[in-house]
Amino acid sequence: MNNYKIVTVISVAIALVAYPTGVLYAKKPRQAAPKAAGNTSATNPNDPGGHSARGFEAAKKRDYETAIAEFGKAIAAEPGDSKNYFNRGTAYRGANKLPEALADFSKAIELAPQDAAAYIGRGEVQLVQKQLDPALADFDKALQIAPNDVNARRFRGFVFSSKSEWQKAIDDYTVVIQKVPEDGGAYERRAFAYRRLKKFKEAIADYTKAIAIDPKDVDGYRRRSATHMMAGDNKSAVTDLHALLKIKPDDVEAQKLVKALEAAPNPSPAPAATAPAAASPH
């Protein structure tokens, strides 16, 4: 599946949450948050030496090497605490050290086999490594533990798309959209799956939703334009390309395609000729 890059999840257990953009965000901790500097076991017995807190601060700044070192010290202080392995695995993932990340997520799972986040972290690493079946097994397990986890559902949809299991991908992205209606990426990925099933009407509707969420996304117009062409509606395809060029006037690919379509003798086939193709399910 070349149209979409794998979404990177960077998530630190003690105080970070994962968003589809790959950006780190802090959230309110489940307990009193230690300060990043000067943290000792006296101020927070759950973080001896303050290494987890310093690792967290480094991870927020995307200083993953420092985060790895600090979480390593946290592991030395508390070798039986799964969150330290999860945190270091997340930092390793941020540094693109995939084998190390995989090992740490596996250790976190060994210590806390009911931690859905650890399965999601390991599955995401395996997805990047193109180990689709092991990744699918981890996302399935995460959803057994936490059926409402949107990240697990989103990643599993990506696995299904990568395996060309289009209807299963559609089903997972539909759940994501129901839970996060403003997720434009889920609409785009579901549209891609619809397109592969030649369900062009549904694909165009999803691309339209994604564009409404982000009207400046040139790729949204490009993908909807391509879908219009696949459905035989070159006129609508040209309209989308002109909208794209208003946002990105120097887009050479769009410029060439507009010229080619506008020069075609019959830019839009008769509706009767396109109706069967647009409605034909596979």
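In the predicted model, D240 is buried, with a relative accessible area of 4%. This aspartate belongs to helix α12, which spans residues 234-247. When neighbours within four places in sequence are set aside, the contacts of D240 are made with Y221, R224, S225 and H228. One of these partners, Y221, is also a member of a nonpolar core of eleven residues that is separate from the largest one and that includes V238, L244 and L261 as well.

The chain as a whole comprises 282 residues, of which 46% are buried, and its secondary structure consists of 14 helices and two strands. Among contacts between residues at least 6 apart in sequence, 48% join residues that are at least 24 apart. The exposed surface of the chain amounts to about 13,800 Å², and carbon and sulfur atoms supply 54% of that area.

Helix α5 was examined in more detail. The helix covers residues 116-128, and its 13 residues reach 19 Å from the first C-alpha to the last, which is close to the 18 Å expected at 1.5 Å a residue. At its N-terminal end, α5 is capped by D115, a side-chain oxygen of which lies 3.1 Å from the backbone nitrogen of A117. After the helix comes K130, a residue with a positive phi, near 65°. Most of α5 is covered, eleven of its 13 residues being buried; among them are the small residues A116, A118, G121 and G123, together with the charged residues R122 and E124. The buried residues of the helix pack against four other helices, namely α3 (82-94), α4 (98-111), α6 (132-145) and α7 (150-162).

Three residues of α5, I120, V125 and L127, are buried and also appear, with A67, F139, A142 and V159, among the residues that have the most contacts inside the largest nonpolar core, a set of 49 residues. For V125, the contacts that remain once neighbours within four places in sequence are left aside are with R93, L98, A101, L102 and F105.

A further buried position is provided by I75 in helix α2, which runs from residue 64 to residue 77. The relative accessibility of I75 is 8%, and the residue therefore counts as buried, the limit being 20%. Apart from neighbours within four places in sequence, I75 is in contact with N84, Y85 and R88. The C-alpha atoms of I75 and Y85 are separated by 6.8 Å, although the two residues are ten positions apart along the chain.

Charged pairs were considered next. Side chains of opposite charge can pair when their charged atoms come close. The structure holds 22 salt bridges, three of which are described here. In the first pair discussed, the side chains of K107 and E110 meet with an N to O distance of 3.3 Å. Both residues lie in helix α4 and are three residues apart, about one turn of the helix. Because an α-helix has 3.6 residues a turn, residues three or four places apart point the same way. The two partners are not equally covered: K107 is partly exposed, with a relative accessible area of 26%, whereas E110 is exposed, at 57%.

The pair formed by R153 and D172 connects two helices. Their side chains meet in a salt bridge of 3.2 Å, N to O; since R153 lies in helix α7 and D172 in helix α8 (residues 166-179), the pair ties together parts that are 19 residues apart in sequence. Both R153 and D172 are buried, in contrast to the partly exposed K107 and the exposed E110.

In the remaining pair, K248 forms a salt bridge with D251, and the closest N and O atoms are 3.7 Å apart. Here K248, at 35% relative accessibility, counts as partly exposed, while D251 is buried, with a relative accessible area of 5%. This bridge is part of a network in which salt bridges that share partners join D219, R222, K248, D251 and E253.

Notes
Residues are numbered from 1 along each chain as its sequence is written. This is a predicted model: local features need pLDDT of at least 70, side-chain atom pairs count only at pLDDT 80 or more; totals for chains, interfaces and linings use all residues. Side-chain values use heavy atoms; hydrogens and water are left out. The expected span of a helix is 1.5 Å times one less than its number of residues. Buried means under 20% relative accessible area, exposed over 50%, partly exposed in between (1.4 Å probe, protein chains only). Contact means heavy atoms within 4.5 Å. A polar contact is a pair of N or O atoms within 3.5 Å; within protein, one must be able to donate a hydrogen and the other to accept it, and residues adjacent in sequence count only if both atoms are side-chain atoms. A salt bridge is a side-chain nitrogen of Lys or Arg within 4 Å of a carboxyl oxygen of Asp or Glu. A nonpolar core is a set of buried Ala, Val, Leu, Ile, Met, Phe, Trp, Tyr and Cys residues joined through side-chain atoms within 4.5 Å. Accessible areas come from the Shrake-Rupley method with a 1.4 Å probe; for residues, only the protein chains shown count as cover.
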